[in-house]
Amino acid sequence: MHQEGTHILVSSALILLIINAGLYWGLVWKWPFYIVALGSVFLYLMMVNFFRCPIRLFNKDTEKIVVAPADGKVVVVEEVDEHEFFHDRRLMVSIFMSITNVHANWYPVDGTVKYVSHQNGRFMKAWLPKASTENERSTIVIETPEGHIVMARQIAGAVARRIVTYAEVGEECYIDEHMGFIKFGSRVDVYLPLGTEVCVRMGQKTVGNQTVIAKLK
């Protein structure tokens, strides 16, 4: 289980236990209790599934490699104008995470963190184009050992209400390390230099810290 889920899982277990105990001892007819108990077990298992955190190691050469920062599905592969940090054209690869995906985020490249910011915003559906610039989001910019500048942006969705970012300016980061976590549905955009070789296609499913999404020049 991911550390971000510990408090929620413990508090939810206690609340559900109290509710179900109250129904069991307070009702003459037990069938409503069984229905609520079954629903409670299903809900709790969904939460446990959401906060699962598999241990993954890339185990390959990471030089000039960009790995998927998250589990999910590729929803955007296109050139865009990036206005927060680069102020120029970049190649963007976006991965949408559904409620059933692992929601831990990994660093997409090895390097040094050059910029970190968090912007409050809206909570539109994460797959909409405007979500990248209008939703609540955290931005991490990394310079690779070869001098490439790569940006990863964590974006909240319609259900997601909290973005957790571990990156700090000046620290070294590596593939295999967690970049952060987004609670309950979201998306991660990766901005790459023009001319980067993209290794994924629209609609392709990705596995965080395993799927190679691009190769830098």
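Reader: Why does Thr196 count as buried?

Author: Thr196 has a relative accessibility of 9%, and buried means under 20% relative accessible area, with exposed over 50% and partly exposed in between (1.4 Å probe, protein chains only). The value of 9% is under 20%, so Thr196 is buried. A word on the source: this is a predicted model, in which local features need pLDDT of at least 70 and side-chain atom pairs count only at pLDDT 80 or more, while totals for chains, interfaces and linings use all residues. Residues are numbered from 1 along each chain as its sequence is written, and side-chain values use heavy atoms, leaving out hydrogens and water.

Reader: Where is Thr196, and what makes its link to Pro193 a polar contact?

Author: Thr196 lies in the loop between β11 (186-192) and β12 (197-198). A polar atom of its side chain is 2.6 Å from the backbone oxygen of Pro193. A polar contact needs a pair of N or O atoms within 3.5 Å; within protein, one must be able to donate a hydrogen and the other to accept it, and residues adjacent in sequence count only if both atoms are side-chain atoms. The distance of 2.6 Å is within 3.5 Å, so the pair meets that cut-off.

Reader: How do you know that β12 and β14 pair?

Author: Two bridges join β12 to β14, and the strands run antiparallel. Pairing requires at least two bridges found by DSSP, so this pair qualifies. One of the residues involved is Val198, whose bridge partner in β14 is Ala214. Strand β14 (residues 212-215) is also joined to β1 (residues 65-67) by three bridges, again antiparallel, with Ile65 opposite Lys215. The strands here are DSSP runs (E, at least two residues), as helices are runs of H or I with at least four, numbered from the N terminus.

Reader: Why are β4 and β8 called edge strands of their sheet?

Author: This open sheet has three strands in the order β4-β10-β8, paired antiparallel. Each of β4 (104-106) and β8 (162-165) has a single partner strand, so one side of each has no neighbour in the sheet. β8 pairs with β10 (residues 178-183) over four bridges, and Ile163 stands opposite Ile182 in β10.

Reader: What makes Arg56 and Asp71 a salt bridge?

Author: Their closest N and O atoms are 2.6 Å apart. A salt bridge is a side-chain nitrogen of Lys or Arg within 4 Å of a carboxyl oxygen of Asp or Glu, so the pair qualifies. Arg56 sits in the loop between α2 and β1, and Asp71 in the loop between β1 and β2 (72-82), 15 residues apart. Both Arg56 and Asp71 are buried.

Reader: How many salt bridges does the structure hold, and which others can you show me?

Author: There are eight. Among them, Arg187 and Asp189 meet at 2.8 Å, N to O; Arg187 is buried at 1%, and Asp189 is buried at 0%. Another joins Asp88 and Arg90 at 3.1 Å. Here Arg90 is buried at 13%, whereas Asp88, at 32%, is partly exposed. Glu79, Asp81 and Arg89 are linked in a network of salt bridges.

Reader: And why is Ile35 called exposed?

Author: Ile35, in helix α2 (residues 31-50), has a relative accessible area of 54%. That is over 50%, so the word is exposed. Together with Trp29, Trp31 and Tyr34, Ile35 forms a nonpolar surface patch with about 590 Å² of accessible area.

Technical notes:
Patch = residues over 30% accessible without salt bridge, like charges linked within 9 Å, V, L, I, M, F, W, Y side chains within 5 Å. Areas by Shrake-Rupley, 256 points an atom, 1.4 Å probe, with all protein chains shown as cover.
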